[in-house]
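Trainee: Could you take me through one part of this structure closely, and then show me what lies around it?

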Amino acid sequence: MAPNEGQSRVPRASIPFNPVFGWSVGNWMEQFFDGMKEGKILASRCPACGRVYLPPRMICERCFAKAEEWVELPETGTVETFTEAHVKLAPNGTFEDIDGPEIIAMVKHDGADTCIAARLEGGGVSVGMRVKAVLDPSAENVLDLLAGYRAAE
Ligand SMILES: [Zn+2]
């Protein structure tokens, strides 16, 4: 017996649905993005325990105080871990193959206590590798302001 044989069929209708999503990134991420438009990497710091968050967070995950101090961090950091991506998300929500693997690295900026995820440009990556942020202050999409990282000279 075939898997669906004997079961009633549910009528289905196809409805064209292709929404464009827009959402508020919130005050903390807005300051982070505004900083990158000026070529600055801004992190939030907890005034109670001193933990520095990049990407910025409003509330400290350790002591729940409002992380309302802002500090500018250098462009440099260290790769803490990484992965290889072989597909990307297409505009229609499906995955599509990319030409070659893309390295996505978790980078801890100098002066930060947390990591930020971004593409790593160029070949060769290792844990502990020193990298430098690549900013694109003219990017239309705020998510592209941090274009990625490359090996620090
Ligand atoms: Zn704290």
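Mentor: Let's start at the zinc site and work outward from there. One thing first: this is a predicted model, where local features need pLDDT of at least 70 and side-chain atom pairs count only at pLDDT 80 or more, while totals for chains, interfaces and linings use all residues. Residues are numbered from 1 along each chain as its sequence is written, and side-chain values use heavy atoms, leaving out hydrogens and water.

Now find the zinc ion: its protein donors are the SG atoms of Cys46, Cys49, Cys60 and Cys63, lying 2.2 to 2.3 Å from it. A donor here is an N, O or S atom within 2.8 Å of the metal (3.2 Å for Na, K and Ca), and with water not among the atoms, sites may look incomplete. Read along the chain, the donors follow the spacing C-x2-C-x10-C-x2-C. Cys49 sits in the loop between strand S1 and strand S2 (52–53), and Cys63 in the loop between S2 and strand S3, so this pair ties together parts that are 14 residues apart in sequence. Helices (H or I, at least four residues) and strands (E, at least two) are DSSP runs, numbered from the N terminus.

What about the geometry? The four donor atoms subtend angles of 98 to 125° around the zinc ion, which makes the arrangement tetrahedral. That label needs all angles of the four donors to lie between 85 and 135 degrees; four count as square planar and six as octahedral if opposite donors are over 155 degrees apart and all others between 65 and 115, and anything else is irregular. For comparison, ideal angles at a metal are 109.5 degrees for four tetrahedral donors.

Two of these donors are partly exposed: Cys49 has a relative accessibility of 44%, and Cys63 has 33%. The scale calls a residue buried under 20% relative accessible area, exposed over 50% and partly exposed in between, with a 1.4 Å probe and protein chains only. Right beside Cys63 in the numbering comes Phe64, also in the loop between S2 and S3. Phe64 counts as exposed at 65%, and it has a positive phi of about 65° although it is not a glycine. Pro55 belongs to that S2–S3 loop too, and the peptide bond leading into it from Leu54 is cis, with omega near 0°.

Next, the strands around those loops. Three of them form an open sheet in the order S2-S1-S3, with antiparallel pairing; S2 and S3 are the edge strands, each pairing on one side only. Two strands pair if DSSP finds at least two bridges between them, and S1 and S2 have two. Look at Ser44 for one of these places: its bridge partner in S2 is Tyr53. Helix H1 packs on this sheet, touching S1 and S3, and its direction makes about 150° with that of S1. Touching means heavy atoms within 4.5 Å, and the angle, on a scale from 0 to 180 degrees, is taken between N-to-C directions of axes fitted to C-alpha atoms, for helices over the stretch in contact.

Follow S1 back to Ile41, since S1 covers residues 41–45. Ile41 is buried, at 4% relative accessible area. Its contacts include Leu54, Leu73, His109 and Leu135. His109 is 68 residues away in sequence, and the two C-alpha atoms are 9.5 Å apart.

From here you can step into the nonpolar cores. A core is a set of buried Ala, Val, Leu, Ile, Met, Phe, Trp, Tyr and Cys residues joined through side-chain atoms within 4.5 Å. The largest has 25 residues, and Leu54, Leu73, Leu146 and Tyr149 have the most contacts inside it. Helix H1 (26–37), S1 and strand S3 (69–73) are among the elements that each supply at least two of its residues. Another core lies apart from it, with five residues, among them Cys46, Tyr53, Cys60 and Ala67. That brings us back to the metal, as Cys46 and Cys60 are two of the zinc donors.

Conventions. Lists of a residue's contacts leave out its neighbours within four places in sequence.
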